[in-house]
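Got the viewer open? Here is a short tour, stop by stop, with something to select at each one.

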Amino acid sequence: MTHSSHRPTIAAIATASAPAAVGVLRISGPDALAIADRMTAGKARRARERMATLSHVLDEQGQLIDETLLTVFYGPRSYTGENVCEFAGHGGTLVMRSLLDRALACGATLAGPGEFTQQAFLNGKLDLTQAEGVMDLIAAQTHFALRAAHEQREGKLGQLTEAARDSLLECIAHVEAYIDFPEEDISPEVGAILLQRLESIAASLEQLLATADRGRILREGVRTVIFGAPNTGKSSLLNRLLGYERAIVSQIAGTTRDSIEESVKVGSLLLRLTDTAGVRDETDDVVEQEGIRRSALLRQQADLVLALFDASAPRAATLPAPAHEHQHVILILNKIDRGCHPSWQNSGGLPLSCLDGTGFDALEKHIADLLLPHHLDDGHSLVSINARHQDCLRRAGAALATAIPQLRQGSDLALISIELRTAMDALGEIAGHLDTEDILGVIFSRFCIGK
Ligand SMILES: Nc1nc2c(ncn2[C@@H]2O[C@H](COP(=O)(O)OP(=O)(O)OP(=O)(O)O)[C@@H](O)[C@H]2O)c(=O)[nH]1
Ligand SMILES: [Mg+2]
């Protein structure tokens with residue numbers, strides 16, 4: 001893929017729109033140098049490549065807009081693969097806005113979200129997974145998320161899926177060679193080798209799919225629900241984890257009616273914590289009933305349930321169990337400062353006090369043990385797929401799951417080849433072998449402007 005010479009030259013402020021010491025205006029495209037030249041009375045063309053050059057940006061009347069440091073990158077040795085000019089100016093909002101306006105007046109077009117990275121992708125500077133890695137990097141809120149984003153930006157995921165795709169392509173070539181010679185059947189030896197290959201590709205896709213939950217947890221945080229009977233201290237737990245009085249706490253049972261969501265970093269993980277209405281059977285209050293219904297629903301979907309009980313009260317008849325295979329439930333005995341009822345002995349519950357802070361270190365460690373992959377600290381790869389990759393891998397896996405038994409049963413090779421090609425196309429979509437611009441638009445629109 002190459003860019004056409006008609007491509008507009010785009011410009012955007014690459015830094016956040018808030019007063020700061022420095023702000024960056026980025027211009028990319030075939031006319032980037034000419035535009036930067038107009039802005040600086042000819043300074044850009046004389047600037048040495050990749051060297052910061054003091055440059056005065058002037059308005060139409062020759063009045064100073066800002067004294068900036070200009071860096072020029074000649075394509076293809078630039079982020080986008082095109083000519084790029086970056087002005088580092090005084091980061092005031094009006095200063096930056098005026099620099100941008102000047103670039104637009106000199107012939108640039110305002111860049112859309114992610115347009116610089118999209119251009120980099122179109123120019124083959126990075127594959128689609130790497131572009132997504134850039135986005136993940138900017139959005140990362142924990143160190144692990146950061147590491148995973150870097151691995152993706154460096155191309156680990158793309159390499160894995162492209163290797164699987166190459167291997168599949170060889171299998172297709174084999175199968176299709178036999179289609180061309182209908183009088184010949186695939187020999188048992190070749191058939192066995194093909195089967196083995198396809199099965200190993202299917203297994204590697206399965207392995208990647210298995211990282212989907214981890215990917216979501218790293219990108220979006222752990223969906224955590226604080227669940228329990230009224231008055232057990234759920235809102236107190238939310239407040240304590242957040243470090244401020246976010247939710248109303250009172251000794252009246254049924255205080256929390258609606259669910260409250262907040263994000264909090266616990267160790268290396270980001271928890272998306274939801275405090276819910278206490279669940280009890282006997283209530284005539286319709287608002288509370290609705291709250292209870294929502295609590296139950298949220299509990300179903302959570303990755304982690306913090307199930308709260310009053311340690312000083314007798315043990316509940318039934319203790320909560322995970323609602324699905326990937327859900328973890330931590331049994332918490334709150335109000336341990338008031339003592340522990342003997343019936344809780346051997347329950348495995350974690351003693352906690354929202355009043356004096358007892359047990360919070362143990363809780364944090366327990367959460368990390370349950371949710372952080374154990375091999376994270378020994379330098380293993382942290383490849384984690386996102387929802388789009390998951391969808392592609394599922395489609396590829398389904399096509400392979402059809403083709404493999406067909407091959408085993410000696411079905412029509414033309415049919416098998418169709419399935420294998422479906423799998424290959426789905427795999428190709430991951431790194432960005434796409435036919436449609438629409439998908440690209442959807443992916444890059446989630447970026448920020450100026451990236
Ligand atoms: N002694 C003691 N009291 C606590 C502790 N945690 C919470 N409480 C008290 O228990 C009462 C209920 O606390 P909340 O946090 O409002 O309980 P909740 O589970 O959110 O209650 P609902 O919203 O009504 O379901 C309040 O009076 C808190 O001060 C604790 O660890 N020790
Ligand atoms: Mg509450």
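## The whole chain

Start with the cartoon view: you should find 15 helices and twelve strands in this protein. The radius of gyration is 29 Å, well over the 22 Å that the globule rule gives for 451 residues, so the protein is more spread out than a compact globule. Keep in mind that you are looking at a predicted model. Orient along the principal axes and the C-alpha atoms fill a box of roughly 80 × 80 × 45 Å. Of the 451 residues, 39% count as buried. If you draw the contacts with a separation of 6 or more, 64% of them link residues 24 or more positions apart.

## Colour by domain

Next, give each domain its own colour. The domain assignment lists domain 1 as 10-126, domain 2 as 132-211 + 385-431, and domain 3 as 217-377. Note that domain 2 is written as two segments. Put a marker at the centres of domain 2 and domain 3, taken over C-alpha atoms, and you get 41 Å between them.

Now zoom in on where those two meet. Eight residues of domain 2 are in contact with seven residues of domain 3. Which helix gives the most to the domain 2 side? Select residues 143-153: that is helix 6, which supplies four residues. Colour the domain 2 side by class and you will see three nonpolar residues, four polar ones and one charged.

## Strand 1 and its partners

Move over to residues 10-13, which make up strand 1. Show the side chains: Ile10 and Ala12 are on one side, Ala11 and Ile13 on the other, and all of them are buried. Both faces of strand 1 are covered, in other words.

Add residues 22-28, which are strand 2; strand 1 pairs with strand 2 in the antiparallel sense over four bridges. For a landmark, find Ile10 and look opposite, where Ser28 of strand 2 stands. Then add residues 109-110, which form strand 6; strand 6 runs parallel to strand 1, with two bridges joining them. Here the landmark is Ala11, which stands opposite Leu110 of strand 6.

## Two residues to compare

Pick Phe87, in strand 5 (residues 84-90). Buried or exposed? Phe87 is buried, because 29 other C-beta atoms lie within 10 Å. Leaving aside neighbours within four places in sequence, Phe87 is in contact with Val24, Leu25, Val57, Thr68, Leu70 and Leu99. Try a distance too: from Phe87 to Arg38, 49 residues apart along the chain, the C-alpha atoms are separated by 13 Å.

Now jump to Pro76, in the loop between strand 4 (64-73) and strand 5. Pro76 is exposed, because there are 12 other C-beta atoms within 10 Å. Outside the four places in sequence on either side, the contacts of Pro76 are Gly81 and Asn123. Draw the C-alpha distance from Pro76 to Lys125, again 49 residues apart along the chain, and you get 8.6 Å.

## Last stop: ligand 1

Finally, centre on ligand 1 and select the 23 residues that surround it. The closest are Gly233, Ser235, Ser236, Thr256 and Gly278, so label those. Which helix gives the most to this shell? That is helix 10 (residues 234-242), with three residues. Colour the shell by class to finish: six nonpolar, 13 polar and four charged residues.

Definitions and conventions:
Residues are numbered from 1 along each chain as its sequence is written. Chains are lettered from A and ligands numbered from 1 in the order in which they are written. This is a predicted model: local features need pLDDT of at least 70, side-chain atom pairs count only at pLDDT 80 or more; totals for chains, interfaces and linings use all residues. A residue is near a molecule or strand if its C-beta atom, placed from the backbone, lies within 6 Å of it. Ala, Val, Leu, Ile, Met, Phe, Trp, Tyr, Cys and Pro count as nonpolar, Asp, Glu, Lys and Arg as charged, and the others, Gly among them, as polar. A residue is buried if 20 or more other C-beta atoms lie within 10 Å of its own, exposed if 12 or fewer, and partly exposed in between; C-beta atoms are placed from the backbone. Two residues are in contact if their C-beta atoms, placed from the backbone, lie within 7 Å. The radius of gyration is taken over C-alpha atoms; the globule rule is 2.2 Å times the number of residues to the power 0.38. Domain bounds come from an automatic or database domain assignment. Two strands pair if DSSP finds at least two bridges between them.
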